[in-house]
Amino acid sequence: APPPAPPATSPSKSLGNQMFNNGNYSEAIRLLSAALQELPRDESIFSNRAASYLAVGNLEAALSDAEACIKLSPGWYKGYLIKGKVLVKSGRLDEAEATIAKSKELAPADGTATMEIQGSLQSLQEALTKKKMESKLQEHMARKAEARKQEEERKRAEEAQREKDELRKRPFDHNEENPEVFKKQKTEEVFAHHGVAMRLPMGVPPP
């Protein structure tokens with residue numbers, strides 16, 4: 001259904017709509033904001049200002065205006081369509097899909113809104129495809145990172161095992177980890193070399 005006819009018009013609204021149609025979105029926002037001071041319940045002003053905010057990347061303001069448009073005219077497709085576009089840009093794709101579907105449901109039967117709605121549905125589909133691809137890429141990168149981590153842990157474990165094996169293979173006189181054992185072993189070697197038994201103090205058991 002078309003929006004109800006506004007109770008009045010204003011120069012700011014007319015100029016704002018002209019700026020919007022010409023792609024001068026910043027100026028359109030300024031003029032349409034002034035028009036809302038005169039016509040605060042004109043949903044078409046909210047609609048065009050929402051689209052202008054969307055064009056300049058102010059998604060929060062665009063969403064607020066789109067919702068104001070829907071509140072003023074819940075049976076008009078335009079508010080839902082612009083809200084759907086904002087939600088697509090915001091990455092809220094599930095909400096966008098439902099909102100654009102509502103817009104399609106309310107679209108005029110004469111088909112005047114068909115191309116615009118189809119364009120929004122195409123943008124939504126592209127965003128969904130991109131999100132799916134990004135999700136797959138993230139999963140792939142996570143698997144690679146996990147495999148790399150496991151490989152590093154395996155290498156560290158092998159290196160630690162090699163070091164233990166090397167320590168076990170070392171001659172006793174290179175044992176730096178236990179200097180007392182090293183000292184005792186050297187003393188025994190000296191006594192053995194001279195053919196003298198190592199004497200231990202009384203009460204001390206032999207090694």
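Start with the largest pocket, which has a volume of about 330 Å³. This is a predicted model, so treat the tour as a walk through a prediction. To find the spot, select Lys-85, Val-88, Lys-89, Ser-123 and Ala-127, which lie closest to the pocket's centre among its 15 lining residues. Now colour α5 and α7, the elements that each give two or more residues to that lining. Helix α7 has the largest share, with nine residues. Try colouring the lining by residue type as well: you should get four nonpolar, four polar and seven charged residues.

Next, zoom out to the whole chain. What kinds of elements make up the protein, and how many of each? There are eight helices and zero strands, so in cartoon view the order from the N terminus reads α-α-α-α-α-α-α-α. The protein has 207 residues, and 28% of them count as buried. Switch on a surface and you are looking at about 14200 Å² of exposed area, 54% of it supplied by carbon and sulfur atoms. As for how the chain folds back on itself, take the contacts between residues at least 6 apart in sequence: 47% of these join residues at least 24 apart.

Now go inside. In soluble globular proteins, nonpolar side chains tend to be buried together. The largest nonpolar core here has 38 residues. Select Ile-45, Tyr-77, Ile-82, Val-86, Val-88, Ile-117 and Leu-124, the members with the most contacts inside this core. Which helices supply at least two residues each? They are α1 (11–21), α2 (25–38), α3, α4 (59–72), α5 (77–89), α6 (93–106) and α7 (114–169). Keep Val-88 selected for a moment, since you have already met this residue by the pocket's centre and it is also on the list of best-connected core residues.

Stay in the core and click on Leu-124. Leaving aside neighbours within four places in sequence, Leu-124 is in contact with Val-88, Leu-93, Ala-96, Glu-97 and Ile-100.

Move over to helix α3, which spans residues 43–56, and pick Ser-47. Is Ser-47 buried or exposed? With a relative accessible area of 2%, Ser-47 is buried, because the cut-off for buried is under 20%. Show what surrounds it: not counting residues up to four places away in sequence, Ser-47 touches Cys-69, Trp-76, Lys-78 and Ile-82. Ile-82 is one of the core residues you selected earlier.

Slide along to Ser-52, also in helix α3. Its relative accessibility is 0%, so this serine counts as buried too. Which residues is Ser-52 in contact with, once neighbours within four places in sequence are left aside? Select Phe-20, Tyr-25, Ala-28, Ile-29 and Leu-32 to see them.

Last stop: Ala-101, in helix α6. Here the relative accessible area is 41%, so Ala-101 is partly exposed. Draw a distance from the C-alpha atom of Ala-101 to that of Tyr-77 and you should read 9.8 Å, although the two residues are 24 apart along the chain. Tyr-77 should look familiar from the core selection.

Technical notes: Residues numbered from 1 in each chain as written. Predicted model: local features only at pLDDT ≥ 70, side-chain atom pairs only at ≥ 80, totals over all residues. Heavy atoms only, no water. Helix = DSSP H or I, 4+ residues; strand = E, 2+ residues; numbered from the N terminus. Buried < 20%, exposed > 50% of the residue type's maximum accessible area, 1.4 Å probe, protein only. Contact = heavy atoms within 4.5 Å. Core = buried A, V, L, I, M, F, W, Y, C linked by side-chain atoms within 4.5 Å. 1 Å grid on protein atoms, 1.4 Å probe; cavity = no way out; pocket = protein on both sides within 12 Å on 5 of 7 lines; lining within 4 Å. Points joined across faces, edges and corners; volume = space filled by probe spheres on them. Nonpolar A, V, L, I, M, F, W, Y, C, P; charged D, E, K, R; others polar. Areas by Shrake-Rupley, 256 points an atom, 1.4 Å probe, with all protein chains shown as cover.
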